[in-house]
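Please work through the exercises below with the sequence and the model open side by side. Each task is followed by a solution that goes step by step.

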Amino acid sequence: MFSDTLPEHLNANRFIDAKEEISGPLEPQHYKRFAEMATLLPGGRATVRGSREPYGPRVVSGELQCEASMTCQRCLQPVTVALEGSIHWGLVFSEREMQSLDQELDPILVEEGQLFLRQAIEDEMVLLLPIMPMHESCDNGWTPDPEPGDVSEKESPFAVLAALKNEQGS
Ligand SMILES: [Zn+2]
């Protein structure tokens, strides 16, 4: 099923038992926590499908891909990062069930029968963010050792550290 928007939550048992599949866009306004770390660009998409082997765990598998704008940690200019990940969730209905879940599955706690889809997807998106986003090569005039006096707001934090070290060493 292609959806105009991913539902905020869905009925976990029905989704699994019907082996439903949902595919929809990742809309920036739905992912506020993510927005604190990076700017989600339009065009992202996620697909999830429910399944269950007899007596097995309730599984939601799928994939997501999107692009986000972050700040390059080398030149402090915007850099676009491509995020792509696969989803392997095991739905659990209690903390106890969580402990006995297959290790290969990421536990997602179902509350009052609902799978909080967007929240779980947002967790995946946050995990995909690089810790040190950087351009492959910064081509906007950044130099590792700026001339003294050439202090601008865009000065690299590494250059500031280097300058501090030099001061301490002298
Ligand atoms: Zn850069």
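The exercises start with the whole chain and then turn to strands, a helix, the core and single residues.

The model is a predicted one, in which local features need pLDDT of at least 70 and side-chain atom pairs count only at pLDDT 80 or more, while totals for chains, interfaces and linings use all residues. Residues are numbered from 1 along each chain as its sequence is written.

**Exercise 1. The whole chain**

Task: Determine how many helices and strands the protein chain has, and in what pattern they follow along the sequence.

Solution: Begin with the assignment, in which helices (H or I, at least four residues) and strands (E, at least two) are DSSP runs, numbered from the N terminus. On that basis the protein chain has 5 helices and 8 strands, and reading along the sequence gives the pattern β-α-β-α-β-β-β-β-α-β-β-α-α. Next consider burial, for which a residue is buried if 20 or more other C-beta atoms lie within 10 Å of its own, exposed if 12 or fewer, and partly exposed in between, with C-beta atoms placed from the backbone. Of the 170 residues of the protein chain, 19% count as buried. Finally turn to contacts, where two residues are in contact if their C-beta atoms, placed from the backbone, lie within 7 Å. Among contacts between residues at least 6 apart in sequence, 57% join residues at least 24 apart.

**Exercise 2. Strand pairing around S5**

Task: Find which strands are joined to S5, and by how many bridges.

Solution: Two strands pair if DSSP finds at least two bridges between them. Strand S3 (residues 39-40) runs antiparallel to S5 and is joined to it by 2 bridges, with alanine 68 in S5 as the bridge partner of leucine 40. S4 is also antiparallel to S5, through 7 bridges, and here arginine 45 has glutamine 65 of S5 as its bridge partner. S5 and S6 are antiparallel as well and are joined by 14 bridges, among which serine 69 is partnered with threonine 80 in S6.

Now inspect the turns. The hairpin of S4 and S5 has 6 residues between the strands, and tyrosine 55 there takes a positive phi near 65°. The hairpin of S5 and S6 likewise has 6 residues between its strands, and leucine 76 in the turn has a positive phi of about 65°. Leucine 76 is partly exposed, because 16 other C-beta atoms lie within 10 Å.

**Exercise 3. Helix H4**

Task: Check the length of H4 against its expected span, and find which of its residues are buried.

Solution: The expected span of a helix is 1.5 Å times one less than its number of residues. The 12 residues of H4 should therefore span 16 Å, and the end C-alpha atoms are 17 Å apart, which agrees. The buried residues in H4 are Leu117, Ala120, Ile121, Glu124 and Met125. They cover an arc of only 145° around the axis, so they are on the same side of H4; the arc is that of the directions from the helix axis to the C-beta atoms. An α-helix has 3.6 residues a turn, so residues three or four places apart point the same way.

**Exercise 4. The largest nonpolar core**

Task: Identify the residues that touch the most other members of the largest nonpolar core.

Solution: A nonpolar core is a set of buried Ala, Val, Leu, Ile, Met, Phe, Trp, Tyr and Cys residues joined through C-beta atoms within 7 Å. The largest one has 26 residues, of which Leu40, Cys66, Leu91, Leu115, Ile121 and Met125 touch the most other members. Two or more residues of this core come from each of helix H1 (12-17), strand S4 (45-51), strand S5 (58-71), S6 and helix H4 (117-128). Setting aside neighbours within four places in sequence, leucine 115 is in contact with residues including Leu10, Phe15, Leu91 and Ile108.

**Exercise 5. Three single residues**

Task: Decide whether leucine 6, histidine 88 and lysine 19 are buried, partly exposed or exposed.

Solution: Leucine 6, in the segment before strand S1 (10-11), is buried because 21 other C-beta atoms lie within 10 Å. Apart from neighbours within four places in sequence, its contacts include Ile22, Leu117 and Ile121. Histidine 88, in strand S6 (residues 78-92), is partly exposed because 14 other C-beta atoms lie within 10 Å. Histidine 88 and aspartate 106 are 18 residues apart in sequence and 6.1 Å apart in space, C-alpha to C-alpha. Lysine 19, in the loop between H1 and strand S2 (21-25), is exposed because 10 other C-beta atoms lie within 10 Å. Lysine 19 is not a glycine, yet its phi is positive, at about 50°.
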